[in-house]
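Open the model in your viewer and keep the sequence panel beside it. The stops below go from the sheet to the axis and then to the nucleic acid.

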Number of protein chains: 2
Amino acid sequence: MKRRATIKDVAERAGVSKAAVSYVLNDIRKVSAETKARVLQAASELDYQPDFTARSLTKRTSNMIGVILPLVDASIANVMQENTYYNEMISAIEKVARENGFDVLLTGLARPEEYRNWVQKRRLDGLLFLGLFPASIYAEMRSMEVPAVLIDTYEEHTGKYPSVNINDEKGGFLAAEHLLSLGHENIAFLTTGLENPVEVHRYKGFTRAFQERGMTVPSPETAETTHRLESGWMIGKKLAGSSRTAIVCTSDITAFGVIRALYEAGVRVPEDVSVTGFDDIHISRYTTPSLTTVRQHIMQKGTAAAEKLIETMKGHPAAGETFDVKLVIRESTAPPKQ
Amino acid sequence: MKRRATIKDVAERAGVSKAAVSYVLNDIRKVSAETKARVLQAASELDYQPDFTARSLTKRTSNMIGVILPLVDASIANVMQENTYYNEMISAIEKVARENGFDVLLTGLARPEEYRNWVQKRRLDGLLFLGLFPASIYAEMRSMEVPAVLIDTYEEHTGKYPSVNINDEKGGFLAAEHLLSLGHENIAFLTTGLENPVEVHRYKGFTRAFQERGMTVPSPETAETTHRLESGWMIGKKLAGSSRTAIVCTSDITAFGVIRALYEAGVRVPEDVSVTGFDDIHISRYTTPSLTTVRQHIMQKGTAAAEKLIETMKGHPAAGETFDVKLVIRESTAPPKQ
DNA sequence: TTGTATGCGTTATCAG
DNA sequence: CTGATAACGCATACAA
């Protein structure tokens with residue numbers, strides 16, 4: 001590779017000191033118009049671009065933000081593999097970062113020690129947490145002074161970091177209320193685990209809908225893994241023979257699994273059983289039946305998270321934000337059979 | 001943030017020189033057992049971890065690999081948003097990278113100049129190209145000496161870089177042959193554009209199936225954008241009134257769009273029209289009808305690409321590789337109506 | 001075997 | 001206002 005021009009080359013060509021070049025290019029100090037012109041001229045002739053590595057060393061910043069996903073069985077695949085939710089999030093983050101001159105470092109992290117080390121040795125300027133992590137990681141976080149924004153995380157886990165969320169409680173409520181108003185009474189709530197506050201809030205909203213009608217609240221059905229098609233499929237298989245007439249899922253992905261299992265068992269959706277999803281990923285509009293689901297604006301959330309992080313990094317601490325959700329009624333729900 | 005221990009701190013604590021510490025930690029030269037022990041002891045006590053930024057400066061390597069996606073309308077979203085193909089690819093790459101001590105820098109790139117600059121100022125050790133880029137980028141590449149592996153790219157575009165592919169021609173053939181053997185004659189081939197060699201090869205395979213039977217080859221239907229649900233949907237809408245009895249799609253995503261459009265037009269799949277996909281992403285097994293498709297092992301491809309890149313970076317240039325594909329017959333295909 | 005000195009490309013400090 | 005010069009943290013050629 002042809003050696004890249006350094007600041008020294010520019011300085012020599014312009015007949016000034018390295019410092020002068022730096023001043024001009026960073027517009028950090030008054031420089032005589034003539035020097036300035038010479039420097040710019042030389043820089044342009046040599047196609048000079050500052051080296052981020054060297055710059056990082058003195059500035060103690062890397063111009064990189066870290067995007068962290070939880071590791072399940074040593075891979076991020078188990079979390080993100082099947083769900084285009086992450087595609088939208090990452091696309092949004094990458095765009096905001098790139099447009100602000102930052103690069104995105106993507107990694108899966110499991111143990112808190114790794115995390116700390118990773119951040120420090122890379123001199124990351126900011127962090128974005130995608131999803132729920134072991135509580136110990138949040139403890140570790142507090143001891144570092146790196147700006148961070150949490151996504152889909154609730155206060156009890158955060159401490160001092162802004163969090164970007166959606167109104168999960170309302171989402172759960174909307175799904176339940178929709179089914180109740182259709183006339184369903186025996187409704188299952190399918191969660192991937194109530195250790196996750198996101199799931200808890202959705203379940204809370206679900207229960208509120210019942211309570212407001214003075215009905216008893218069904219206990220939740222718990223899938224054994226993360227949001228996966230197969231988790232939904234297994235629960236659907238189990239529920240196919242039950243007396244449930246409707247199933248509320250906490251992701252579109254699991255809803256698809258459920259619907260397929262029901263179909264294989266000869267149970268029709270929505271004629272026999274209604275199913276709702278959560279997220280409204282793109283494909284949900286295209287399946288048959290298309291999915292009645294709780295829509296969240298994923299890219300908006302990702303964009304907001306990245307923007308807040310960058311604001312915070314610039315020294316303007318941003319507040320968290322909770323986005324609204326709305327119910328999108330499609331074909332997977334209908335009144336119960338008589 | 002509590003100041004991080006540097007090599008100097010370790011040296012002082014161990015009562016040796018900085019150089020000695022470096023030697024021990026990098027195992028670069030023989031060091032007396034005693035010194036070694038003292039250094040390791042001190043390093044461990046101080047929880048010393050070398051700073052990658054500083055290390056990069058002298059070693060001229062960053063321990064980062066860049067994963068590059070093409071930019072469409074200033075965002076990578078338009079390419080990756082709806083397709084879990086990318087989730088699998090990225091998961092696989094991240095895992096291999098992480099396990100080999102590398103971090104993944106993810107970015108969207110459009111103009112060749114940006115690309116060159118990005119690689120140089122970040123001192124990237126290796127590059128992974130996901131998908132097809134403007135030809136000018138390949139030209140720019142040749143002038144740099146950075147190891148790279150191309151994914152889903154054909155020779156004519158590469159030059160000296162190994163490429164990881166699948167047997168696209170065979171995939172196209174399998175899909176067509178399957179439908180022909182079912183008795184279909186009027187089969188549409190839906191491509192997102194024959195500028196992309198991947199699509200060209202699939203179409204070639206498709207045509208071969210016809211030629212081997214001495215049948216005339218249908219001309220392709222071209223969607224106007226990238227692999228998107230909506231691209232498929234629009235073509236499906238157009239094809240709903242046609243005499244085609246089967247449609248071969250070059251991605252599962254577009255196939256879903258097609259199927260939905262047909263459904264909305266009252267055309268049943270597979271009773272009225274058969275549809276095949278390509279990729280076999282996870283959801284294809286769970287939709288109704290489940291999708292007959294050409295399976296490629298996406299994670300295997302991603303893993304291989306990352307491993308080849310790392311091998312090349314270590315000085316053992318790896319060869320490209322073409323993975324096999326196979327037909328997975330599910331519910332979206334059936335013999336034509338009598 | 002170990003320590004010293006220098007370079008990597010920038011930015012920050014401090015004289016002039 | 002400008003320009004040497006010293007960090008920044010690490011690796012390495014060279015000297016001891």
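Two strands count as paired if DSSP finds at least two bridges between them; helices (H or I, at least four residues) and strands (E, at least two) are DSSP runs, numbered from the N terminus. This is a predicted model, in which local features need pLDDT of at least 70 and side-chain atom pairs count only at pLDDT 80 or more, while totals for chains, interfaces and linings use all residues. Residues are numbered from 1 along each chain as its sequence is written, chains are lettered from A and ligands numbered from 1 in the order in which they are written, and side-chain values use heavy atoms, with hydrogens and water left out.

**The sheet**

Select residues 163-166 of chain A, which are strand β5. Three bridges join this strand to β11(A), and the two run parallel. Within the pair, A:Val164 stands opposite A:Glu321 of β11(A).

Now extend the selection to the whole open sheet of twelve strands, in the order β11(A)-β5(A)-β4(A)-β3(A)-β1(A)-β2(A)-β2(B)-β1(B)-β3(B)-β4(B)-β5(B)-β11(B), with mixed pairing. At its edges are β11 (321-323) of chain A and β11 (321-323) of chain B, each paired on one side only.

**The axis**

Superpose the chains by least squares on the C-alpha atoms of residues with pLDDT of at least 70 in both. A turn of 180° with a shift of 0.1 Å along the axis lays chain A on chain B with an RMSD of 0.2 Å. This is therefore the relation of a two-fold axis. To find the axis from chain A, select A:Leu105: its C-alpha is the nearest to the axis in that chain, at 2.3 Å. The same surface serves both copies, as 100% of the contact residues of chain A (heavy atoms within 4.5 Å) recur in chain B.

**DNA strand C**

Which residues are closest to DNA strand C? They are A:Ile7, A:Tyr23, B:Ser32, B:Thr35 and B:Thr58, out of 31 that surround the strand (a heavy atom within 4 Å). These 31 surface residues divide into 13 nonpolar, nine polar and nine charged; Ala, Val, Leu, Ile, Met, Phe, Trp, Tyr, Cys and Pro count as nonpolar, Asp, Glu, Lys and Arg as charged, and the others, Gly among them, as polar.

Colour α2 (18-26) and α4 (52-59) in chains A and B: each supplies at least two residues of this surface.

Finally, show side chains. An N or O atom of A:Arg55 is 3.0 Å from a phosphate oxygen of DNA strand C, and one of B:Thr35 is 2.3 Å from a phosphate oxygen. For B:Tyr23, a side-chain N or O atom is 2.8 Å from a base oxygen.

Terms used:
Polar contact = N/O pair within 3.5 Å; in protein donor to acceptor, adjacent residues only side chain to side chain.
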